[in-house]
Amino acid sequence: MALKNINPTKTQAWKKLSDAYNSTSTIEMKSLFRQDNNRKEKYTITYNNFTLDFSKNRITDEIFQYLIDLANETDLADGIQKMFSGDKINETENRAVLHTALRSFSGKEILLDGTNVMLEVKETLEKMKNFTNDVVSGKFKGYTGKSITDIVNIGIGGSDLGPRMVVDALQYYKNHLKTHFISNIDGDHVMETIKNLDPETTLFIIVSKTFTTQETLTNALTVKKWFLQSAKESDIKHNFVAVSTNLSKVYEFGIDKDNVFTMWDWVGGRYSLSSAIGLSIMVAVGAKHFREMLEGMHSVDEYFRTSPLEENISVILGLLGIWYANFMGAQTEAILPYDQNLQYLASYLQQASMESNGKMVDRSGKKVTYSTGSILWGGAGTNSQHSFFQLLHQGTHLIPCDFIIAANPTHHLGHHHDLLVANVLAQCEALMRGKSADVVREELAGQPPEKIEQLTPFKVFTGNRPSTMIMIDKLTPYNLGRIIALYEHKIFVQGYIWNIFSFDQFGVELGKQLAKAIEPEITGHEKPEKHDASTNNLLLKFKSWKTY
Ligand code: F6P
């Protein structure tokens, strides 16, 4: 069944939220804390060693209730149930959205057009596990009979960002194999990666759901050519495997049937790291840790599916984003893990969120009159403190921030971790607390009065800048799985309430089409005159400079 088609701006809750925004002068978080001793408890959810503290947000009890009303009036519960039941909620592509099946350990059937998808999911996971064990143990050999030392993931978008983010995040749990990622069609990315690799001991995992993506196929062919400088066509089966839904294209490339791992069109690329797309993760950290990550994801899937909306972390994260984007005028949101190993989390979530919810028409095909798809960005603390935090503290933009911190490090440098935690707590406190002109003046006491007056405005922090804290006990595979799934579902919540289709991505197609049309003009002698004047001119200039 299709998702309901409810314009959120026509709900009572939307009107109440607008009125609340217009009638409340400024929602001062510090005074909300003063007025309500219970605020921290009320706006903290702890679920199984996982804490979400959203008390430092510009919401009152009334606004929180209206946000929950908005979820109810748009019937979010119905949307959640339809996604988990395998309804074809990716309507524009006539597909179900079942990434949750990839990590389902409930033992229940999940039917899609009458077929239990869990049988294939289990079969693929088993094949991945056997393959991983063989590679890690050294039983799987390269074409000259040597064990594998290096794995190269060749893919882009969802076939790169997820695996790359997780492998980096779980580096503490990694085995002896070295992992590399090639994604960009820029030849430097390929050459710089392969230049120090030994073709005899390198395993290439070509990851492409469609097996038609220009970047991945071009990179894979370049790597194959490099490999064939020292090996024969018949050796490809020893050093190349693929993950795809497009088996005929994979075989055409020369990859052996036994070396293909399938996935399905009901898994979107940006939601696919728990499928065989995550093969390089499993090989890098081992089947046991991969399974733990899936278990973490599954626990959140169940939690998301069954928890009441007002206690549901993904729902709350999604609603807070809607409050800031649609009522308070925020255009972006920042993801700030205080964990170097999560340095790629923001890039990963950027694709997941912006490719899903960057849509301008609603589910009836009409242009929306409200903003959708907030711009997501971020970076790891404390490095980010020394780059863009100035703007967070004293800039003119309202940027809600999600901070993520593990209570315990994976390393043994306790002192470092104490300082890391001190910094993350201080940043949230500073964003909310700010620094008044009076305090600045006090701090400047002793300087000439005119100097104090001149400097004061520059040193004031207005404060009242919102942040949400996610605290986990430790960055384990299980907890990482939980973080990923919580954000996946946040994206679902937002797309659902914005009444858009979150699981297609037609917006990436036009550029791809035009690049195909320009390519012959770059490589051949055709005169560029089909384009606008600027593009024609740039092409001519490029051709006059081209020396390769
Ligand atoms: O950027 C468009 C996109 O289709 C993404 O959604 C996807 O993750 C990426 O390209 C890679 O696609 P594929 O896995 O089919 O190569």
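The exercises below work through the domains, sheets and helix packing of a predicted model.

**Exercise 1. Into which domains is the protein chain divided, and how many residues of domain 1 are in contact with domain 2?**

Solution. Begin with the bounds: domain 1 comprises 28-87 + 307-430 + 459-504, domain 2 covers 111-289, and domain 3 covers 509-545. Next, take the separation, for which the C-alpha centres of domain 1 and domain 2 are found 32 Å apart. Finally, turn to the contact itself, where 25 residues of domain 1 touch 19 residues of domain 2, a contact being counted when heavy atoms lie within 4.5 Å.

**Exercise 2. Find the order of the strands in the open sheet of 5 strands, and state which strands form its edges.**

Solution. Reading across the sheet, the order is E6-E5-E7-E8-E9, with parallel pairing. The edges are then strand E6 (178-182) and strand E9 (260-262), each of which pairs on one side only. Between neighbouring strands of this sheet the average turn is 20 degrees, with direction ignored. For the pairing at one edge, strand E5 (residues 150-154) is joined to E6 in the parallel sense over 5 bridges, and within this pair Ile 151 has Thr 179 of E6 as its bridge partner.

The helices that pack on this sheet come next. Helix H8 (residues 187-194) touches E6 and strand E7 (202-207), and its direction makes about 165 degrees with that of E6. Helix H9 (residues 214-227) touches E5, E6, E7 and strand E8 (240-244), and the direction of H9 makes about 155 degrees with that of E7.

**Exercise 3. Trace the strand pairings that involve E12, E13 and E2, and give the bridge partner of Ile 404 in E13.**

Solution. Start from strand E12 (residues 401-408), in which 6 of the 8 residues are buried, so that the strand is mostly covered. Strand E10 (residues 332-337) runs parallel to E12 and is joined to it by 4 bridges, Ala 334 being partnered by Cys 401 of E12. Strand E13 (residues 467-474) also runs parallel to E12, through 7 bridges, and here the partner of Ile 404 is Ile 470.

Continue from E13 to E2, where the pairing is antiparallel over 4 bridges and Leu 52 stands opposite Ile 470. Strand E2 (residues 50-53) is in turn joined by 3 bridges to strand E1 (residues 44-46), and these two run antiparallel, with Leu 52 as the bridge partner of Ile 45. In the hairpin of E1 and E2, 3 residues lie between the strands, and Asn 48 adopts a positive phi near 55 degrees.

**Exercise 4. Describe two helix contacts, that of H1 with H14 and that of H6 with H13, by geometry and by residue class.**

Solution. For the first contact, helix H1 (residues 12-23) packs against helix H14 (residues 313-327) at an angle of about 65 degrees, the axes being 11 Å apart, and the crossing is right-handed. The residues that meet are Trp 14, Leu 17, Ser 18 and Tyr 21 from H1, and Trp 323, Asn 326 and Phe 327 from H14. Sorted by class, this contact contains 5 nonpolar, 2 polar and no charged residues.

For the second, the axes of helix H6 (residues 117-137) and helix H13 (residues 287-306) come within 10 Å and cross at roughly 145 degrees. H6 contributes Leu 125, Met 128, Lys 129, Thr 132 and Asn 133, while H13 contributes Ala 287, Phe 290 and Leu 294. The class count for H6 with H13 is 5 nonpolar, 2 polar and 1 charged residues.

Definitions and conventions:
Residues numbered from 1 in each chain as written. Predicted model: local features only at pLDDT ≥ 70, side-chain atom pairs only at ≥ 80, totals over all residues. Heavy atoms only, no water. Axes fitted to C-alpha atoms, helices over the stretch in contact; angles between N-to-C directions. Left-handed = near helix turned anticlockwise from the far one by under 90°. Nonpolar A, V, L, I, M, F, W, Y, C, P; charged D, E, K, R; others polar. Pairing = 2+ DSSP bridges. Buried < 20%, exposed > 50% of the residue type's maximum accessible area, 1.4 Å probe, protein only. Domains from an automatic or database assignment.
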